[in-house]
Amino acid sequence: MLSKPSINRLISGILIFIPIAFFYSFVWKNALGIPFQDDIDGILGALKDLIQAPDLSQKYQVSITQDDEHRVFFDRFITYILFLFNGSVNLKTHLFIGCLLILGIFSLLVYSFRKANLPLWGLIPVSFLLFQIQYYEGIFWNMIPCQNFAVLFFAFLTSFLVSQQKQSGFVLAFFTAFVATISSGNGMLTFVPCVFILFYQRRWKSLGLWVVWMATCIAFYFHNLVIPAFRPKLSDNLVQYPKIIIADFFAFIGEFFDPGKGFSLNTRGAISIFFGVLILAWIFIFAKKMYHDFFTKKYAELSDNQNTMVFWMGGIIFIIATAAIFSVARAGNGFSAVLISRYKLNMALLVILVYCSIFNLATIRGQKIVFILGLCLGVFSNVSSYLQHTTTVQNFRKDLITDAFTWENGRNLPSSPIYFSNKKLVDETLSFNLQNGYYHFPETVLSTLKNQILRDTLTQILPQNLDTKITETTDYLTISNNNYTQGNQQDDGVYVVLKSEKECHVFPMRQRKNGIKRLFLQQQFYGQGFDSESILKKGLALGRYKLGVIEVKNGQKSVSFTSKIIEIQHSLK
């Protein structure tokens with residue numbers, strides 16, 4: 001029979017595991033493996049160059065070649081490893097490997113938490129805060145997990161290795177810091193928290209070596225680096241937008257509490273700034289406590305608990321430094337650049353580190369209060385992230401499905417109008433990888449309907465619930481419906497076809513979403529009716545387009561063409 005402490009640990013372990021299991025099952029189910037925007041040149045374009053590079057030296061040069069203002073070594077390393085194992089690159093696997101790095105960061109937090117002799121149940125809120133989809137864009141954009149998540153992982157790992165005061169760990173940290181540096185622009189900041197850690201632990205000789213290595217790696221990063229013309233100089237932003245930079249910084253720190261796109265940008269920014277101020281206020285108190293300990297305790301007296309706090313402070317410093325650099329670099333764009341989903345993993349980790357530090361410093365009774373508050377925040381933010389963003393994730397998946405179909409059958413990418421300014425590069429990159437078998441589009445709900453969509457079909461009268469309204473302006477057209485009810489299976493919904501003698505395009509419809517009240521009263525996630533995103537008319541070739549409707553509902557698929565005609569008289573093609 002299990003003892004009471006064993007039962008408590010078992011229950012704690014189960015509660016910690018639940019959000020992790022749900023998160024990764026959600027990621028695997030909804031990830032698709034179709035390239036989106038930067039994936040084409042950043043992954044598939046790099047794969048082409050890696051394959052064609054004649055030797056290891058040239059392959060290494062390709063792996064550190066800049067992408068915009070970043071070097072993305074780890075992204076390209078994973079790309080080439082997958083190619084070596086399979087002869088092709090599965091972007092879904094690539095994405096999932098990057099997402100597993102979040103589990104790596106969690107493991108470091110668990111180890112440090114337990115080494116500080118803190119109870120396992122205290123980690124339950126950490127699991128709920130971390131394993132959610134508030135940062136969905138970073139999860140499902142194929143290139144981002146092995147770039148942004150990788151930098152966070154290597155930064156945290158480096159601080160952890162240095163904080164352990166072991167020679168082997170310190171040596172390994174030289175390598176992990178270098179990998180972080182060449183894996184994304186903010187990777188250079190990995191060195192900053194380690195300077196603090198070494199100084200705090202009074203390891204003066206190691207600090208000197210670290211500073212030399214830091215200067216070497218940063219010089220290496222900037223060697224032959226060309227900042228793109230569309231990126232303004234940091235010095236120019238500091239002079240032109242000082243007030244915006246300050247507001248962006250506080251908003252970035254507090255963006256975990258961003259209520260989402262249902263609110264105005266100013267409201268979202270104000271709420272984020274408010275919580276950013278609260279977070280920084282606690283960090284100041286935490287830093288003051290560590291400052292006091294530094295001058296009242298000798299080096300030999302640093303306990304495992306204190307070294308854990310040093311590691312946590314290292315993580316805090318890295319995220320704050322990232323927020324500061326980002327606020328300056330994107331100052332010209334205001335809150336719209338700060339409150340972006342893909343950056344919110346940084347702030348989830350910051351909130352977690354704040355929680356851990358408060359929990360650690362609290363009394364036993366205080367720990368229970370901190371735990372309850374952390375658990376309420378974790379469960380609420382976790383559940384609300386799925387309620388708020390599942391629709392966005394499913395719509396993005398449908399965008400990728402129609403991108404793949406339309407590119408194969410009409411050389412267009414409906415979700416990315418920027419395609420037309422890079423058409424030659426995109427088409428050559430995709431064609432090279434597809435023709436040589438280095439990449440394959442995955443099977444989708446449209447794959448089995450290809451013949452029905454492309455062949456000449458008779459005009460049919462649509463059921464009333466599928467009847468569509470077309471609204472045209474000079475540059476765009478939109479399609480809407482007020483009666484349709486979507487099915488419950490993955491990728492269910494309506495897709496609209498625009499078909500001419502030369503081209504065939506498919507666009508996903510956005511099913512309207514029920515509010516929270518109706519969701520709980522009627523157990524229906526989606527409401528009636530759908531709308532399209534604005535369709536760029538110039539993205540279609542000249543001609544007359546017949547409108548068709550694809551319905552995918554609970555395993556059943558149908559394709560119907562109507563008598564409605566859309567005429568395109570001006571085109572980018």
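In this predicted model, the lining of the second largest pocket is evenly shared between nonpolar and polar residues, with 12 of each, and four charged residues complete it. The volume of this pocket comes to about 560 Å³. Its lining has 28 residues, and those closest to the centre of the pocket are Thr390, Gln394, Asn488, Phe525 and Tyr526. Two helices that each supply at least two residues of this lining are helix 1, spanning 4-30, and helix 18, spanning 364-410.

Helix 18 turns up again in the enclosed spaces. Searching the whole structure gives two cavities of 30 Å³ or more, and the largest cavity has a volume of about 40 Å³. Around the largest cavity lie Ile34, Pro35, Ile40, Asp403, Ala404, Trp407, Leu413, Leu430 and Phe441. Helix 18 provides three residues, the largest share of this lining. What classes of residue make up the lining of the largest cavity? Eight residues are nonpolar, one is charged and no polar residue takes part.

Two residues of that cavity lining, Ile40 and Leu430, also belong to the contact of helix 2 with helix 19. Helix 2 covers residues 38-52 and helix 19 covers residues 423-435; their axes lie 10 Å apart, at an angle of about 55 degrees. Helix 2 is therefore oblique to helix 19, and the crossing of the two is left-handed. On the helix 2 side, the contact involves Ile40, Asp41, Leu44, Gly45, Leu47, Lys48 and Gln52, while helix 19 contributes Leu425, Val426, Thr429, Leu430, Phe432 and Asn433. Sorted by class, the residues of this contact are seven nonpolar, four polar and two charged.

Helix 14 (residues 265-296) takes part in two further packings, described next. With helix 17 (residues 344-361), the packing angle is about 45 degrees and the axes are 11 Å apart. This angle is why helix 14 counts as oblique to helix 17. The crossing here is left-handed. Ile279, Trp282, Ile283, Phe286 and Lys289 of helix 14 touch Leu350, Val351, Val354, Ser357, Ile358 and Leu361 of helix 17. Nine residues of this contact are nonpolar, with one polar and one charged residue beside them.

The other partner of helix 14 is helix 10 (residues 191-200), whose axis comes within 11 Å of that of helix 14 and crosses it at roughly 35 degrees. Which residues make this contact? Helix 10 offers Phe196, Phe199 and Tyr200, and helix 14 answers with Met290, Asp293 and Phe294. Five of the residues in the contact of helix 10 with helix 14 are nonpolar and one is charged, with no polar residue present.

Definitions and conventions. Residues numbered from 1 in each chain as written. Predicted model: local features only at pLDDT ≥ 70, side-chain atom pairs only at ≥ 80, totals over all residues. Heavy atoms only, no water. Axes fitted to C-alpha atoms, helices over the stretch in contact; angles between N-to-C directions. Helix = DSSP H or I, 4+ residues; strand = E, 2+ residues; numbered from the N terminus. Parallel < 35°, antiparallel > 145°, perpendicular 65-115°, else oblique. Left-handed = near helix turned anticlockwise from the far one by under 90°. Contact = heavy atoms within 4.5 Å. Nonpolar A, V, L, I, M, F, W, Y, C, P; charged D, E, K, R; others polar. 1 Å grid on protein atoms, 1.4 Å probe; cavity = no way out; pocket = protein on both sides within 12 Å on 5 of 7 lines; lining within 4 Å. Points joined across faces, edges and corners; volume = space filled by probe spheres on them.
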